Amino acid sequence: MTKYIFVTGGVVSSLGKGIASASIGRLLESRGLKVTIAKFDPYLNVDPGTMSPYQHGEVFVLEDGAETDLDLGHYERFLSVKLTRNNNVTSGKIYNTVISKERRGDYLGKTVQVVPHITNEIKEFIYKVANQNEFDVCIVEVGGTIGDIESLPFLEAIRQFRFDVGKDNTLNVHLTLVPYIAAAGELKTKPTQKTVAELRAIGIQPDIILCRTEKSLNEDIRSKISLFCNVEPEAVFEAKDVSSIYEVPLMFEAEKLDEFIVKKLKLKSKKLDLAKWGHFVQNVYHPKKEVEIALAGKYVDLHDAYKSIGESFVHAGVANQTKVRLRWVDSELVEKIGAKAMLKGISGILVPGGFGDRGIEGKIQVINYARTHKIPFFGICLGMQCAVIEFSRNVLGLKQANSGEFNQNTPDEVISMMSDQLKIQGMGGTMRLGTYPCKVEKGTKTYHAYKQTLINERHRHRYEFNNNYRDRVKAKGMKLSGLSPDGNLVEMIELANHPWFVGVQFHPELKSRPLNPHPLFREFVKAAAHYGHKNLKKQ
């Protein structure tokens with residue numbers, strides 16, 4: 001029978017429930033267990049696809065095209081499982097499903113209520129996640145903070161769930177804050193006591209308390225939390241601040257958290273093997289060289305908007321024994337003071353995806369600087385589209401070239417809306433989403449990276465390269481190095497007379513993993529490190 005681990009959080013948000021959940025999954029998977037994981041978000045949006053990055057950070061797109069919470073990115077990076085749209089559930093999704101059933105008459109005239117109809121639907125999603133592939137363990141992270149009114153239906157559902165499947169088959173993990181008060185020189189347990197009391201008041205008794213702290217917990221602190229929170233002393237675990245999120249599973253291993261979970265759930269598992277993971281973390285902390293790469297975007301004050309890109313650079317850095325330092329370049333500021341002032345001493349430039357015309361001209365200036373100064377460049381989704389606009393303006397001489405997204409009256413719409421998007425009216429879940437194949441041209445830099453002619457990558461866009469301009473850009477040295485199998489969509493571009501200038505319509509950052517870095521990020525970092533070693537001393 002599948003065992004279930006529910007992860008909740010208390011005191012404040014942003015404690016790291018996603019990383020804690022993913023780390024527990026990593027530990028159990030490293031013991032030979034088959035693990036899946038899900039995120040339940042209490043907001044009323046059906047998914048985060050229509051939300052601003054300022055509200056929610058990046059949108060992580062799954063293989064099946066689901067637009068999900070960024071924590072699912074952590075889940076896929078820490079575990080080997082491929083997640084589906086069932087692995088991210090929101091209040092909006094639950095209520096939408098229940099209301100649709102009510103309108104069809106599925107409830108046979110009953111009064112539809114939060115309990116049992118909403119809670120039953122939540123439990124059905126838990127079963128869907130667990131039964132997709134006969135998993136040994138299903139981890140469910142409940143978003144929000146204990147005390148939030150929005151998360152109450154989810155908490156009630158997991159309270160009921162323990163009775164449905166039996167106490168021996170569920171484990172409640174509560175992540176809480178144990179703050180250090182510098183003036184008093186003490187760690188304080190009262191916030192933890194309060195949040196656990198609130199959790200117990202709604203009928204959920206934690207089996208494990210993870211204490212997020214900047215200072216180590218002594219035995220007195222552990223005993224106090226044990227006494228006031230009604231858990232055994234061995235169930236109080238330290239979740240100390242670390243420099244790299246990838247160290248968290250190793251920290252939990254040192255605390256013997258995996259042993260406690262296996263014992264509590266009576267799981268039959270192999271001996272823990274984190275050797276490769278440990279080797280990766282060692283290389284994160286002890287690189288042989290450094291390289292500085294500029295990320296030019298409009299959300300540079302909010303790093304979560306580019307979370308997967310940042311992690312992809314960590315993975316690619318380890319593959320190259322290189323620490324990647326990111327210089328966050330505000331593309332709006334570039335429009336005011338110019339690219340040269342903000343890019344001096346840089347070894348590589350990445351322009352990420354995005355929507356809207358804010359900061360676009362700054363991105364185009366940055367790309368022009370990368371092209372003309374022969375600095376390694378990587379454009380992702382909108383970044384590729386901006387590279388095409390820059391090339392069209394400054395190489396083809398089409399001075400008004402633009403995207404239809406930014407200027408519908410441009411005489412040279414080199415980037416246009418995809419034909420199948422023209423009649424779509426709704427915003428949510430209507431873009432070209434999920435995994436699509438791409439044919440890679442042999443002899444190109446992208447083929448050198450992938451070492452294969454057919455790849456599959458994840459997408460999230462409405463606009464594409466306008467095929468009417470194919471011949472003109474090719475004649476001036478732009479290679480269309482990747483096309484959709486039917487030849488209709490330009491998936492990748494690169495420049496023939498440049499050390500490393502690549503643009504892709506898809507999002508490679510979504511498939512990069514710690515032990516398997518994405519080939520394009522790996523080669524980009526390699527090119528940037530080579531450029532820095534060869535050229536920066538001359539500047």
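In which hand, right or left, does helix 1 pass helix 3? In this predicted model, helix 1 passes helix 3 in a right-handed crossing. The two axes cross at roughly 20 degrees and come within 9 Å. An angle under 35 degrees counts as roughly parallel, so helix 1 runs roughly parallel to helix 3. Helix 1 brings G18, I19, S21, A22, S23, R26 and E29 to this contact, and helix 3 brings D71, H74, Y75 and F78. By class, the contact of helix 1 with helix 3 holds 4 nonpolar, 4 polar and 3 charged residues.

Helix 1 also packs with helix 10, which spans residues 257-265. Here the angle is about 75 degrees, and the axes lie 10 Å apart. Angles from 65 to 115 degrees count as roughly perpendicular, and helix 1 and helix 10 are therefore roughly perpendicular to each other. On the helix 1 side, the contact uses I24, L27 and L28. These residues meet L257, D258, I261 and V262 of helix 10. The make-up of this contact is 6 nonpolar residues, no polar residues and 1 charged residue.

A further helix pair was examined. Helix 4, residues 91-104, packs with helix 5 at an angle of about 115 degrees. Their axes are 10 Å apart. The crossing of this pair is right-handed. From helix 4, the residues K93, I94, Y95, T97, V98 and K101 take part. Their partners in helix 5 are V114, H117, I118, E121, I122 and F125. The contact of helix 4 with helix 5 divides into 7 nonpolar, 2 polar and 3 charged residues.

Helix 5 covers residues 114-131 and includes P116. A cis peptide bond joins V115 and P116, with omega of about 15 degrees. V114 of helix 5 is among the residues that meet helix 4. A further backbone feature falls at N230. This residue has a positive phi, near 65 degrees, although N230 is not a glycine. N230 lies in the loop between helix 8 (219-229) and strand 11.

Strand 11 also contributes to a pocket. The largest pocket has a volume of about 1000 Å³. Its lining comprises 42 residues. Nearest its centre lie S14, L15, G16, K17 and D71. Several elements each supply at least two residues of this lining. Among the helices are helix 1 (17-29), helix 2 (53-56), helix 3 (71-78) and helix 9 (248-254). The strands are strand 2 (35-41) and strand 11 (236-240). Helix 1 and helix 3, which meet in the contact described above, thus both appear among the contributors to the lining. D71 of helix 3 belongs to that contact, and D71 is also one of the residues nearest the centre of the largest pocket. The lining is made up of 17 nonpolar, 12 polar and 13 charged residues.

The second largest pocket has a volume of about 710 Å³. It is lined by 31 residues, and G353, G354, F355, M431 and R460 are the closest to its centre. Helix 16 (382-394) and strand 19 (454-461) each give at least two residues to this lining. By class, the lining of the second largest pocket has 17 nonpolar, 9 polar and 5 charged residues.

Enclosed space was also examined. The structure holds 1 cavity of 30 Å³ or more. The largest cavity contains about 30 Å³ of space. Its lining consists of T8, G9, V142, G143, G144, T145, I146, S151 and L155. Of these residues, 3 are nonpolar and 6 are polar. No charged residue lines the largest cavity.

Key
Residues numbered from 1 in each chain as written. Predicted model: local features only at pLDDT ≥ 70, side-chain atom pairs only at ≥ 80, totals over all residues. Heavy atoms only, no water. 1 Å grid on protein atoms, 1.4 Å probe; cavity = no way out; pocket = protein on both sides within 12 Å on 5 of 7 lines; lining within 4 Å. Points joined across faces, edges and corners; volume = space filled by probe spheres on them. Nonpolar A, V, L, I, M, F, W, Y, C, P; charged D, E, K, R; others polar. Helix = DSSP H or I, 4+ residues; strand = E, 2+ residues; numbered from the N terminus. Axes fitted to C-alpha atoms, helices over the stretch in contact; angles between N-to-C directions. Parallel < 35°, antiparallel > 145°, perpendicular 65-115°, else oblique. Left-handed = near helix turned anticlockwise from the far one by under 90°. Contact = heavy atoms within 4.5 Å.
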